[in-house]
Amino acid sequence: IIDTNIEEGFQRIKEAGFQCIDFSLDQYMVNSDIYAGKNLHFFDKSEDEIRDYFSKHHDYAKKYGLSYSQMHMPYPLYVHGKEEISQYMWEQVVPKSLLVCETLECPYIVVHPFKIRTQLGIEAEKEENIRFFKKI
C-alpha cells in the first residue's frame, strides 16, 4: 500500500500546483500501532536500504521540480509503559528518520515532544524531552 506508485504521486503533486512537499514518515510507523506497541519493522532496514528506498522519492521530486519544505518523524517517539517500542523508536526510527531527511535533502524535520505529564508529571516530561532532544 505504501508508495505503490511513487512517480505518479509526485506527478499529481506537481499537476495540483504545489512546489514543495511536507513529507511525513507516519505511514511507515503508524501512530495507532505505536501506541499499541506494535512494530511495523519498516525501520529495521539498514542505512543503505533506507537511502536506496528514499532515493526514488528524491529523484522523482527533482524530476517534477519539487522540493521538500519539511518532513515529520513518526509520532509518538515515546509511549509510557511500552518500553520496547519506545526503545525501538529512539534507536531505530529517530536516526533513520534523520537519514531520510538527509537523503531527501530536506532542510527541516519536525519532531514532536513527548506528552507524558499525565503519567509522570510535568517535571519528568520536561526532563525526558530535554534528554531526548539533546541526544538527537
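Start by colouring the protein chain by secondary structure: from the N terminus on, its elements run α-β-α-α-β-α-β-α-α. That gives six helices and three strands, taken as DSSP runs (H or I, at least four residues, for helices; E, at least two, for strands) and numbered from the N terminus.

A word on what is on screen: this is a predicted model, where local features need pLDDT of at least 70, side-chain atom pairs count only at pLDDT 80 or more, and totals for chains, interfaces and linings use all residues. Residues are numbered from 1 along each chain as its sequence is written, and side-chain values use heavy atoms, with hydrogens and water left out.

Next, show just the C-alpha atoms. They fill a box of roughly 50 × 25 × 25 Å along the principal axes.

Now turn on contacts (heavy atoms within 4.5 Å). Of those between residues at least 6 apart in sequence, 75% join residues at least 24 apart.

Then select helix H6, residues 122–135, where you will find Phe133. Is Phe133 buried or exposed? Neither label fits, because Phe133 has a relative accessible area of 35% and is partly exposed; buried is under 20%, exposed over 50% and partly exposed in between, with a 1.4 Å probe and protein chains only.

Finally, add Leu98 and Ile136 to Phe133: these residues make a nonpolar surface patch of about 230 Å². Such a patch takes Val, Leu, Ile, Met, Phe, Trp or Tyr with over 30% relative accessible area and no salt bridge, side chains joined within 5 Å. A salt bridge puts a Lys or Arg side-chain nitrogen within 4 Å of an Asp or Glu carboxyl oxygen, and areas come from the Shrake-Rupley method with a 1.4 Å probe; for residues, only the protein chains shown count as cover.

Technical notes: Patch = residues over 30% accessible without salt bridge, like charges linked within 9 Å, V, L, I, M, F, W, Y side chains within 5 Å.
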